[in-house]
Amino acid sequence: MAGNKIQCITKFKDQTFLISTKNAIKFFDSGRCLFYDDQPLNVALEQYGMRYVRSIFKDYYNNIWLAFSEGGVGSINASTDKFTRLDYPEKVKGKHRAICRDSNGNIWLSSDNDGLYRLQLDDDLKVISTKLYPRNMFGGSWITAIYIDHQKRIWAGTANGLYRYNIEQDKFTRLEFPYSRKSSYIGAIIQDNMENIWAVSLHGIYKINLEDLIVYYELNVNQDIVKTWYILGTCVNRNGEIFIGGVNGLNFFNPTQLTPDTYPHNVYISGIKLLNKENFSDEKKNRLHEINNSGKLVLSYKDTQFSLSFSSLYYKDPLKIEYAYMLEDFDKDWIITDASRNNASYSNLTPSTYTFKVKSTNASGIWMDNIRTIEIVVEKAPWRTWWAYSLYVSIVAGILLLVVRNFNLGSKLRHKDALSKWKLDYYTRLSYGFKVPLTLIYAPLQYLLKNYDQLTNTDVKRMLHTMSGNVFKLSEQVSKLMEFKKVSLGEYDVQLSKVDIIPVIQGICNLFLDEFATKHVTYSIEGNVTSVTTIIDITKIEVALYNIMEDAISYIIDNGRVEVKYMLDSHDYRLNVSIIASRSGEGESNVQELNTRFLIAYDYLKVHHSELSIRNIEGNRMREYIFDLLLGDSHYSAREMKTLDKAQSVSLLLPVTVQKDRTVDELNIDSDKTLPVIYLYEGDKDIDLFIKSVFQNKFNISLNTAATDIKHILDKIPSLVIFDVVKEDDYKFELCRKMKEYQILSAIPVIFISSLSSEITEQKAYEAGADVFIAKPFNVASLDARIRQLLDVRTAIKENIRKELIIDPKEVLITSDDDKFVANIINVIEDNIADVEFNIDKLASLLNISRSTLYRRAMEITNLSPSDLIRKRRMRRAAELLKQTSHPVSEICYMVGYSDQRYFGQSFKKEFGMTPKQYSIQKKV
């Protein structure tokens, strides 16, 4: 036995014991105190390679079953002492830790790899069937012990708990131990004389009675009973005492004498650390006593970290005690710890009141109902108390009041600035408005003085009517200026009058017709009435409507629609007005301008007891302006009603209506189509009609509106363009700029006439490409002279270029499209100059244009027909050949495309005044 470690001992016969070691099996005769070997057994073990008995079981027939770590399973017959190796399927082979046999003769055998097998044997101990209970039924752990109790229940111990066989379900189920922190490793299982099951774990023993009540005992807290992988021997003697072999010696006890721990375990706070420092020394233990008695702990806002130590004061064996603690509203569940870590630490708790709970087990590991509760109050910092927040609220409220006050003050100032800006703009427009009637008084007067003798009575009468009407307009402009002064001095005072509001709405909309055309905006005005008499201050209503329309145009940007709707509500006795601006795509309008316009319109409608509102429709694609005008006079005060009909109300924005003579009304005079074409883009229609009437016999003047774009100019190119500018952002500046971008239009002279005589306007005109800028009022004779000067200069330049192109196109720097066109004609003629059949049709075909277009363009540019161009070019080439070569005339005739020498001679003499022969002799001399 020397050097061997005993693994298992069991009684064999009478006084003989079977002892297994890691290397061999010995027998011990206790009567003779003698160890001996069984040679046939040793031979069989050597033959089958069976070694290291891990488990021994004696069945009902006293047969001994041996489970080997290597080699399988064998049995020793009690009657014959013969050893037999159990022949079972190959799949069952492996390391076996435990074995037993039930009352039905089935062998229960553990396998480290597979789980637990049940082997059914016949009378000859042959395996006839197998049943596997896999490892996953046991939590994936190997089986360490198998035990069949007196009630024939089968128990299986594993590395992670105790399992019991359920015969009805044919499976093993786990017994849940109530001690979560105790080891669940089961090394051995035994039953005492009182039918209690005892399951040996690493450190203690679990007792399970017939009612499945589980109690845990620790025999020696400082030492383990067993270790994993160790074989554990157990037995019960006649007195009912249980013996358990262990790594530290033999453990035994009498189950009837074991009693549960009845010590009254009370948990106390045994220490407090603040910021990881012991703040409660021996001198301050009375403070701990107060905390345990009062159950309250107050911490300063500075105590950002603290820890509590606790103890059950069980000094007999304190390491057997376990603790569980929890800080309510902070910890989600109980935190379990042992006696070596009997403290809880917390940090950075928000100021509030918390409840700390701690409890413990007894020495047997049973949780006690001994919860100690401590109320922990974390004080707020002084700057987070209620009075501090009150101070903060007061300060913020004061700041907000100051901000609101400043905002309101700023809003008023912005309002005043916006109103002042609008007044200045209007005053500027009003001032410029004086120049139109002055022009139509001064210019006709000068025209009469200069041309009186040549004018007919009808012309004189027309001029005098023009002057008379504009004297009235000038008077009305002065009235507007006086009315504007009243508005400026008291913008919130009303001057009421009875007015039909429908023409006012329509008139304000008509002021934007040019902008509608420029921005390609369609518009509509509709309502359910044609006339509504209202009591309003017409000047303020006009200003409000004008600003609303101006903002609507600005919002649309380009390609949109404006819908103006007015509906009479007879029930509420009011007129509802809606203006809807729609645009084709997403965009952003000028918010600052919106605020300016909105403030002006809002305030002027408010004095009429109306309110303006703006809302976006369909995201940001439509904007609707809504307001209403109350009918009658009940909404005005007595002071406001006193202003009614005191004076004739004057419109600030709508144009003055002047009685016109039928001879001056529209001037639908057909001009001579052969005269130079001049495009006059309308600004002030009266001036434009006057210009047309004055120059009707000199120029073919076409009046164009904003709807006439660059395509119209390209279709029919004029000799000169006049732009009548009436506002700073007039579309005519951009149209002039576009003209100059086209080579075919770049040489057309441009004249700007304007009421805006500022240097900025004049600079904008010249930057756009103007040749001349004339401020109103102007002299008709001066305008006539400038027009003729520009046309003569352009004609002279074009004529020189055309002559040079015809003579030698290679020597001319071609810049305009007209020059390019003439150069192309000459080049095509040059390429085909010897072709006798070359004519106008071939020339048009080679230029990819029609015959009529060729003729029209040639006449417009050169004043020569295509046939004349072909003839002239042939004559020029013939002259060059006669001068520079010695070819005979007959040969040169064919070289320049003439088949008839006589006709060639006649054409040459007509061009140069001499015959080809005379020309040749003269040039060579």
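This is a short guided tour of a predicted model, with selections to make in the viewer one after another. Local features need pLDDT of at least 70 and side-chain atom pairs count only at pLDDT 80 or more, while totals for chains, interfaces and linings use all residues. Residues are numbered from 1 along each chain as its sequence is written, and side-chain values use heavy atoms, with hydrogens and water left out.

Begin with residues 51-58, which are strand 5 (helices, H or I with at least four residues, and strands, E with at least two, are DSSP runs numbered from the N terminus). Strand 5 belongs to an open antiparallel sheet of 4 strands in the order 5-6-7-8, where two strands pair if DSSP finds at least two bridges between them. Strand 5 and strand 8 (83-85) are the edges, and each has a single partner strand, so one side of each is left without a neighbour in the sheet. From one strand to the next the twist averages 25°.

Now select residues 73-76, strand 7, which is joined to strand 8 by 3 bridges; I76 has F83 as its bridge partner. Adding residues 39-48 shows helix 1, which packs on the sheet and touches strand 6 (64-70), strand 7 and strand 8 (contact means heavy atoms within 4.5 Å).

Move next to residues 242-246 and 249-253, strands 22 and 23, which run antiparallel with 5 bridges between them. A hairpin of 2 residues connects strand 22 to strand 23, and I244 stands opposite N251.

Finally, select I399, which lies in helix 3 (residues 386-433).

Terms used
Axes fitted to C-alpha atoms, helices over the stretch in contact; angles between N-to-C directions.
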